Amino acid sequence: MVSFWVNGITGVTGVDLGDALLWTVDRIASSSIEEQTAMALNYEQLLQIGSQYSEQVIERELLPWRQKNLRQLQRDEKRISEYYSDMIGEINGKIKKRNLEGEEKERELARIEATRMELKRKLIDLNERYCMEVTARLHSALIVWLQTVHLNCQLIRKKQKRDIIAVWNPYQKQIEPLRCEKSHQPVNSFYLDDELATIICPTVWLS
């Protein structure tokens with residue numbers, strides 16, 4: 001199970017709330033969720049962003065296991081390939097040693113081809129044995145309303161203009177990052193494209 005925060009206004013994932021949730025003095029009764037209008041993104045958008053971010057988190061957690069799995073796969077592939085290569089070498093040696101011709105040679109060449117096909121099948125089976133498929137589903141979601149300051153800003157790129165909301169977080173005393181709309185990574189510095197003034201992080205922009 002992986003867990004993380006998503007900012008409902010900026011769509012930034014992996015937000016660190018620190019110990020803000022432990023400040024009981026700031027806890028106040030809130031109106032029902034249906035009456036709240038603070039979130040700029042709808043639930044479908046947040047779910048999509050959360051799903052993409054969870055893939056990254058899961059991949060990072062699985063990386064050590066994947067690396068170990070790959071080493072074992074390469075070891076077994078090498079062992080099997082060497083075994084069948086030795087078999088093919090022995091058959092070739094038999095052909096040369098006995099100077100086989102005609103039907104006898106064709107029979108041994110057929111054995112070589114069958115051995116190669118068997119090696120290919122073994123390697124496919126081996127890769128399927130080491131293959132892993134990971135699926136994930138939403139388990140639960142907790143909505144927390146924090147007393148943040150929303151700053152209305154306008155992004156301008158040539159003739160394109162768009163309004164966004166920047167969030168000042170008084171718990172961390174900083175403006176929270178915005179979200180790259182291509183990679184969904186949090187960004188403090190970014191580029192804007194010419195068409196829609198889309199927020200693009202430097203890594204994506206330069207690639």
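Q: How does Lys-105 class by burial in this predicted model?
A: The place of Lys-105 is in helix H2. Its relative accessible area is 30%. Buried needs under 20% and exposed over 50%, so Lys-105 is partly exposed.

Q: Which residues does Lys-105 touch, not counting those up to four places away in sequence?
A: One partner is 10 residues apart from Lys-105 along the chain, with 6.6 Å between the C-alpha atoms. That partner is Ile-95. Leaving out residues up to four places away in sequence, Lys-105 touches Ile-95 and Leu-100.

Q: How does the reach of helix H2 compare with the expected span?
A: H2 covers residues 102–130, which gives 29 residues. At 1.5 Å a residue, 42 Å is expected. From first C-alpha to last, H2 comes close to that value, reaching 42 Å.

Q: Which residues of H2 are buried?
A: An α-helix has 3.6 residues a turn, so residues three or four places apart point the same way. The cover over the buried residues of H2 includes H1. Those buried residues are Glu-108, Ile-112, Thr-115, Leu-119, Leu-126 and Tyr-130.

Q: What kind of aromatic pair do Tyr-83 and Tyr-84 form?
A: The whole structure holds 3 aromatic pairs. In the pair of Tyr-83 and Tyr-84, the ring centres lie 5.2 Å apart and the planes meet at 90°. Tyr-84 is buried because its relative accessible area is 10%. An angle over 60 degrees sets the class, so the pair is edge-to-face.

Q: What kind of aromatic pair do Tyr-191 and Trp-205 form?
A: Their centres are 4.7 Å apart, with 10° between the planes. Planes under 30 degrees apart set the class, so this pair is stacked.

Q: How many residues apart are Tyr-191 and Trp-205?
A: Tyr-191 is in strand E6 (residues 191–192), and Trp-205 is in helix H3 (residues 202–206). Tyr-191 is partly exposed at 33% relative accessible area. Trp-205 is partly exposed too, at 34%. The pair links distant parts of the chain, 14 residues apart.

Q: Which residues lie closest to the centre of the largest pocket?
A: The space in this pocket is about 1,400 Å³. Its lining counts 38 residues. Closest to the centre are Phe-4, Trp-5, Val-6, Ala-141 and Leu-142.

Q: Which element gives the largest share of the lining of the largest pocket?
A: Two elements give two or more residues: helix H1 (43–98) and strand E2 (160–169). By class, the lining has 24 nonpolar, 11 polar and 3 charged residues. The largest share is 9 residues, and it comes from H1.

Q: What is the volume of the largest cavity?
A: The count is 1 cavity of 30 Å³ or more. Its lining consists of Thr-13, Ile-49, Gln-52, Tyr-53, Gln-56, Ser-183, His-184 and Gln-185. These divide into 2 nonpolar, 6 polar and no charged. The volume is about 30 Å³.

Q: Is Thr-13 buried or exposed?
A: Thr-13 is found in the segment before H1. Its relative accessible area is 5%. The limit for burial is under 20%, so Thr-13 is buried.

Q: Which residues does Thr-13 touch, not counting residues up to four places away in sequence?
A: Thr-13 is in the lining of the largest cavity, as are Ile-49, Tyr-53 and His-184. Trp-5 and Val-6 are among the residues closest to the centre of the largest pocket. Not counting residues up to four places away in sequence, Thr-13 touches Trp-5, Val-6, Ile-49, Tyr-53 and His-184.

Definitions and conventions:
Residues are numbered from 1 along each chain as its sequence is written. This is a predicted model: local features need pLDDT of at least 70, side-chain atom pairs count only at pLDDT 80 or more; totals for chains, interfaces and linings use all residues. Side-chain values use heavy atoms; hydrogens and water are left out. Rings of Phe, Tyr and Trp (its six-membered ring) pair if their centres lie within 6.5 Å; planes under 30 degrees apart count as stacked, over 60 as edge-to-face and the rest as tilted. Buried means under 20% relative accessible area, exposed over 50%, partly exposed in between (1.4 Å probe, protein chains only). Helices (H or I, at least four residues) and strands (E, at least two) are DSSP runs, numbered from the N terminus. On a 1 Å grid over the protein atoms alone, a cavity is a set of points where a 1.4 Å probe fits but cannot get out, and a pocket is an open set with protein on both sides within 12 Å along at least five of seven lines; lining residues have an atom within 4 Å of a point. Grid points are joined across faces, edges and corners, and a volume is the space filled by probe spheres set on the points. Ala, Val, Leu, Ile, Met, Phe, Trp, Tyr, Cys and Pro count as nonpolar, Asp, Glu, Lys and Arg as charged, and the others, Gly among them, as polar. The expected span of a helix is 1.5 Å times one less than its number of residues. Contact means heavy atoms within 4.5 Å.
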